[in-house]
Amino acid sequence: MNTKCRWNMDRTLSSCNALRDHTDKTSSHKKGLSYLVVVNAETLKQTTYGVVYKNTAADRGLMLNYCPWCGADISPRGQEQC
Ligand SMILES: [Zn+2]
């Protein structure tokens with residue numbers, strides 16, 4: 001059980017319980033909070049880039065750089081090396 005969001009060494013995001021409860025892993029096409037997950041076409045490895053908030057389903061979405069619940073830094077890691 002996590003009390004705060006944090007990035008793992010393998011660049012996956014461990015979200016706190018509150019964030020997990022408010023995100024929808026099944027779809028990034030709905031409104032609300034969802035994870036932005038990018039799949040590497042060569043390795044098929046999934047990398048979580050961050051959390052996106054959408055006002056409407058058609059909204060392009062806003063990338064959150066901190067967790068609204070625990071306040072941890074969850075800004076997009078992009079190509080940054082750990
Ligand atoms: Zn959090």
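Let's start at leucine 33: leaving aside its neighbours within four places in sequence, it is in contact with His22, Thr23, Val51 and Tyr53. Keep in mind that what you're looking at is a predicted model.

Leucine 33 also belongs to a bigger group. Together with Cys5, Leu13, Leu19, Val51, Cys67 and Ile74, Leu33 makes up the largest nonpolar core, which has 7 residues in all. Notice that Val51 turns up here again, as a member of that core and as a contact of leucine 33. As a rule, nonpolar side chains in soluble globular proteins tend to be buried together.

Now for the strands. Strand S3 covers residues 32-39 and strand S4 covers residues 46-54; the two run antiparallel and are joined by 8 bridges. Within this pairing, you can find tyrosine 35 standing opposite valine 51 of S4. S4 has another partner too: 3 bridges link it to strand S5, residues 62-64, again in an antiparallel arrangement. Look for valine 52 here, whose bridge partner in S5 is methionine 63. So valine 51 and valine 52 sit next to each other in a strand, and in a regular strand the side chains alternate between the two faces of the sheet.Finally, follow the chain from S3 into S4. The hairpin has 6 residues between the strands, and leucine 44 is in this loop. What is unusual about the backbone of leucine 44, given that it is not a glycine? Leucine 44 has a positive phi of about 60°. Is leucine 44 buried or exposed? Leucine 44 counts as exposed because it has 7 C-beta neighbours inside 10 Å, and the cut-off for exposed is 12 or fewer.

Methods. Residues are numbered from 1 along each chain as its sequence is written. This is a predicted model: local features need pLDDT of at least 70, side-chain atom pairs count only at pLDDT 80 or more; totals for chains, interfaces and linings use all residues. A nonpolar core is a set of buried Ala, Val, Leu, Ile, Met, Phe, Trp, Tyr and Cys residues joined through C-beta atoms within 7 Å. A residue is buried if 20 or more other C-beta atoms lie within 10 Å of its own, exposed if 12 or fewer, and partly exposed in between; C-beta atoms are placed from the backbone. Two residues are in contact if their C-beta atoms, placed from the backbone, lie within 7 Å. Two strands pair if DSSP finds at least two bridges between them. Helices (H or I, at least four residues) and strands (E, at least two) are DSSP runs, numbered from the N terminus.
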